[in-house]
Amino acid sequence: MSELKLGITLAYLEEWEMRPPEWSAADLAGIDFIEIPGAALPADDAWTQALDAWRCEVGVHELMPARFIRQASAAEEPVRGNFRENFRERLRLAGRAGVRRISADFDLAQAGDDPAELERLAAMLPGFYQPLEEYQLTLLATARFPSALPEAWRKYPAVWNRLRFHRLGFALDVHIHEAAARELETELDVLIAGRRWELGLLRFHYEPELGNKLPARALAAAAGIYRKFGLPVTVTAAPLCLHPEALTRELAPIKALFDQVREMPTGADAATAAQL
């Protein structure tokens with residue numbers, strides 16, 4: 001039986017003061033994993049105390065803003081060299097903070113659609129190998145579902161065959177209210193069957209202040225596809241809130257949602273359950 005972890009991604013808005021929620025370990029009972037924003041690094045005293053208090057595995061979401069990464073990919077030297085060194089230093093900051101999983105958006109959909117972009121990305125990533133090895137980190141490249149590019153997900157296995165490295169993984173940012181859950185299951189089945197390596201992070205994005213809610217059956221069915229292949233998976237709720245206090249209020253509904261997911265089938269019968 002594969003391992004299922006359930007967690008929270010703290011998707012902060014840029015204009016917020018970058019302060020951690022005042023949660024205790026008891027508040028986070030039932031939460032296995034929490035992702036902090038990359039902008040929280042280097043961790044100040046407030047974040048250091050929060051990470052110590054939470055007592056769960058910690059990851060970093062968006063080590064650097066996606067727009068910076070895309071600009072650097074298209075730039076000439078020395079801009080790319082400066083970017084690589086900045087990115088390496090941020091990996092080291094995360095490693096020293098005790099983080100082991102770090103994500104960044106390298107625009108995989110575009111890399112799958114443009115061979116030249118794929119080669120630029122393939123040339124960039126080896127520059128990060130040294131700190132990944134030094135701190136035993138996994139770098140998760142994110143992709144969006146649904147993608148703005150048609151059939152992008154069918155090209156991801158080929159992208160990963162070109163980028164293959166044992167400390168490089170994959171995270172899928174799921175905007176479940178923009179597409180049917182059945183489409184997500186189809187995409188995951190193709191991705192996981194095509195390349196059984198580190199594909200183990202699913203973020204479900206939603207906007208609770210607009211009335212969005214995450215469907216427990218869709219989360220369980222998605223996790224079930226990983227478990228069908230005997231792979232571990234971490235599923236996070238990623239609420240995008242306009243106000244910081246709304247994020248704090250969302251903790252209780254997320255924990256209740258996860259209780260439902262844990263009670264649902266996440267194996268071969270999960271997809272069937274999602275239709276009931």
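**Strand pairing.** I looked up Arg203 first and found that its bridge partner in β8 is Thr236. Six bridges join β7 (residues 201-206) to β8 (residues 233-239), and these strands run parallel. I count two strands as paired if DSSP finds at least two bridges between them. Helices (H or I, at least four residues) and strands (E, at least two) are DSSP runs, numbered from the N terminus.

**Ground rules.** This is a predicted model, in which local features need pLDDT of at least 70, side-chain atom pairs count only at pLDDT 80 or more, and totals for chains, interfaces and linings use all residues. Residues are numbered from 1 along each chain as its sequence is written, and side-chain values use heavy atoms, with hydrogens and water left out.

**Barrel.** I followed the strands round: eight of them close into a barrel in the order β1-β2-β3-β4-β5-β6-β7-β8, with parallel pairing. On average, neighbouring strands of this sheet are turned by 25 degrees against each other, direction ignored. Axes are lines fitted to C-alpha atoms, for helices over the stretch in contact, and angles run from 0 to 180 degrees between N-to-C directions.

**Around α1.** I then checked helix α1 (residues 45-54), which lies across β2 (33-37) and β3 (57-61) and runs at about 170 degrees to β2. Contact here means heavy atoms within 4.5 Å. In the loop between β2 and α1 I found Pro42. The peptide bond from Leu41 to Pro42 is cis, with omega near 0 degrees. In the loop between α1 and β3 sits Arg55. Arg55 is not a glycine, yet has a positive phi of about 55 degrees.

**Second cis bond.** I noted another cis peptide bond, from Phe145 to Pro146, with omega near -5 degrees. Pro146 lies in the loop between β5 and α7 (152-163).

**Lining.** I looked at what lines the largest pocket: α2 (66-74), α4 (108-113), β5 (138-145) and β7 each supply at least two residues. The largest share, four residues, comes from α2.

**Confidence.** I checked pLDDT, the predictor's confidence in each residue, from 0 to 100. The protein averages 84, and 90% of the residues score at least 70. Among its elements, helix α6 (residues 129-134) has the highest mean, 96, and helix α12 (residues 270-274) the lowest, 43. Over residues 268-276 the pLDDT is below 50, and this stretch has 14 contacts in the model beyond near neighbours in sequence. Where pLDDT is low, the predicted coordinates should not be read in detail.
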